[in-house]
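Me: I should like to learn how to read the features of a protein model. Would you take me through one?

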Amino acid sequence: MSATVSFKVPSPHGPRTVTLSYARVGTGEPLLLLHGIGHHRQAWDPVIHLLAAERDVIAVDLPGFGASPALPDGLRHDLPTMNTALGALCETLGVDRPHAAGNSLGGLLALELGREGLARSVTALSPAGFWTQAERRYAFGVLRTMRGVALRTPVPLVERLSRTAAGRTVLTSTIYARPARRSPQAVVAETLALAGATGFGETLRAGVGVRFTEDVPGIPVTVAWGAKDRLLVRRQGVRAKQIIPRARLVRLPGCGHVPMNDDPALVARVLLDGSR
C-alpha cells in the first residue's frame, strides 16, 4: 500500500521537512528496500510478494526519485544527509534498526546505514562506491546518457517501443540482462521516472568523490553482483569483499545491474538469507 510520510531533518539553517513516498506490505522483521539512482521503488516489484511472506517490507522512493520530492533547500543529496533522513524515516514509521537492502546507489546507502549502526543486517546488490575513478566516470557517463535519452524520447515513442521485446531491449538493456522479461507498463513507468527524477543531478554530483573504504562491523553483510552487470562491473564485488572481509559475496548468474527483474526467485532468496 502506497503512502507518504513527512519528518524533520536538521540543516545548517534549521530543521527542514522531508517527505518520502513508500509502500509497506508483509509481516515479520522489517526490511527496508532502497533503489538505485534514476529508478523508483517499483524496481523491487518482482520480488516484493516473495519477501512479504516473511518480512515487513518497506520500499522507499528516495528523495527526488519516484513519487518523492527532492530534498528542500538547505539539504544536500549526500551520504550524511541520506543517513539522517533514512534514520528519521524509520523512527517515524516506528521501525527500530531494520534489515536494509539496496541496489546500486541504494546498496551504498544500505551499507552506510549498517556502518552507522542503523541496520541489523545489510544486503547490497551491485552497490555503488567500490569503483576506480575510471569505472566511476564510465558509470556516470552511461547514467547521464540514459537520463538524456529518457528526457528526449517522446512518451508515445516510449510506449510504442515498450510493446515489443526488441523495444524494451533498446530502452533497458543497460541495466537488465533479460530486458524482454520486463513488462511494457513497467518499462514506460521507469523511463518516465528517470526523466522526472528531480534529484538526479544533485545525487550524481554528490557521488563524484564517493568511495566506500571502511568495514561494516558487527552485523551480517551480503554483497551480491550480477554476472552480466554492464554498469558497475563485477570485479568491484571483489573489492567490496576486501574492504568488508566478513561479508558474504554472492554471484548472480544471468543477472544485470538491476537483478530483481532478471531472476526474482534468486534475488529474493539472497535477500531473505541475508536478513536471517
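Reply: The turns below discuss this predicted model one feature at a time.

Me: Let us begin with the interior. Which residues have the most contacts inside the largest nonpolar core?

Reply: The general idea is that, in soluble globular proteins, nonpolar side chains tend to be buried together. In this model the largest nonpolar core has 85 residues, and those with the most contacts inside it are Phe7, Leu33, Leu34, Leu51, Leu89, Leu111 and Val221. Helix α2 supplies the largest share of this core, seven residues.

Me: What does Phe7 touch, apart from residues up to four places away in sequence?

Reply: Phe7 touches Arg16, Thr17, Val18 and Leu20, and also Ala85, Ala88, Leu89 and Thr92.

Me: How should I read a helix? Which residues of α1 are buried?

Reply: An α-helix has 3.6 residues a turn, so residues three or four places apart point the same way. Helix α1 covers residues 45-52, and its buried residues are Pro46, Val47, Ile48, Leu51 and Ala52. These buried residues pack against strands β2 (16-25), β3 (29-34) and β4 (55-61), and against helices α10 (259-262) and α11 (264-274).

Me: How many residues of α3 are buried?

Reply: Ten of the eleven residues of α3 are buried, that is, under 20% relative accessible area, so the helix is largely enclosed by the rest of the structure. The buried residues are Leu105, Gly106, Gly107, Leu108, Leu109, Ala110, Leu111, Glu112, Leu113 and Gly114. Their cover includes β3, α2, β5, β6, α8 and β7. After α3 comes Gly117, with a positive phi near 75°.

Me: Now for a strand. Why is β7 described as largely enclosed?

Reply: The reasoning rests on a count: six of the six residues of β7 (residues 221-226) are buried, so the strand is largely enclosed by the rest of the structure. Val221, Val223 and Trp225 point one way from β7, while Thr222, Ala224 and Gly226 point the other way, and all are buried.

Me: Which strands are joined to β7 by bridges?

Reply: Strand β6 (residues 121-125) runs parallel to β7 and is joined to β7 by four bridges. Within this pairing, Val122 stands opposite Val221. Strand β8 (residues 248-252) also runs parallel to β7, with five bridges between them. Here Val223 stands opposite Leu249.

Me: I have read about backbone angles. Which residue other than glycine has a positive phi near 45°?

Reply: As a general matter, most residues other than glycine have a negative phi, and most peptide bonds are trans. Arg97 is one residue with a positive phi, near 45°. Arg97 is placed in the loop between α2 and β5 (99-103), and it is partly exposed, with a relative accessible area of 34%. Ser126 is not a glycine either, and its phi is positive at about 45°. Ser126 lies in the loop between β6 and α4.

Me: Is Ser126 buried or exposed?

Reply: Ser126 has a relative accessibility of 1%, and therefore counts as buried.

Me: How does one describe a loop residue such as Val233? Where does Val233 lie, and what does Val233 contact?

Reply: Val233 lies in the loop between β7 and α9 (235-243). With 25% relative accessibility, Val233 counts as partly exposed. Leaving aside neighbours within four places in sequence, Val233 is in contact with Glu135 and Trp225. The C-alpha atoms of Val233 and Phe130 are separated by 10.0 Å, and these residues are 103 apart along the chain.

Me: Finally, let us turn to pockets. How many residues line the largest pocket?

Reply: The lining of the largest pocket has 23 residues, with Met146, Leu171, Thr174, Ile175 and Leu194 nearest the centre. The elements that give two or more residues to this lining are α4 (133-152), α6 (165-172) and α7 (184-195). Helix α4 gives the most, with six residues. About 390 Å³ of space lies in this pocket. By class, the lining has twelve nonpolar, ten polar and one charged residues.

Me: What classes of residue form the lining of the second largest pocket?

Reply: This lining divides into 19 nonpolar, four polar and one charged. The second largest pocket holds about 300 Å³ of space. It is lined by 24 residues, of which Ile37, Leu105, Leu108, Thr203 and Gly207 lie nearest its centre. Two or more residues of the lining come from each of α2 (79-92), α3 (105-115), α4 and α8 (200-206).

Notes. Residues numbered from 1 in each chain as written. Predicted model: local features only at pLDDT ≥ 70, side-chain atom pairs only at ≥ 80, totals over all residues. Heavy atoms only, no water. 1 Å grid on protein atoms, 1.4 Å probe; cavity = no way out; pocket = protein on both sides within 12 Å on 5 of 7 lines; lining within 4 Å. Points joined across faces, edges and corners; volume = space filled by probe spheres on them. Nonpolar A, V, L, I, M, F, W, Y, C, P; charged D, E, K, R; others polar. Core = buried A, V, L, I, M, F, W, Y, C linked by side-chain atoms within 4.5 Å. Buried < 20%, exposed > 50% of the residue type's maximum accessible area, 1.4 Å probe, protein only. Contact = heavy atoms within 4.5 Å. Pairing = 2+ DSSP bridges.
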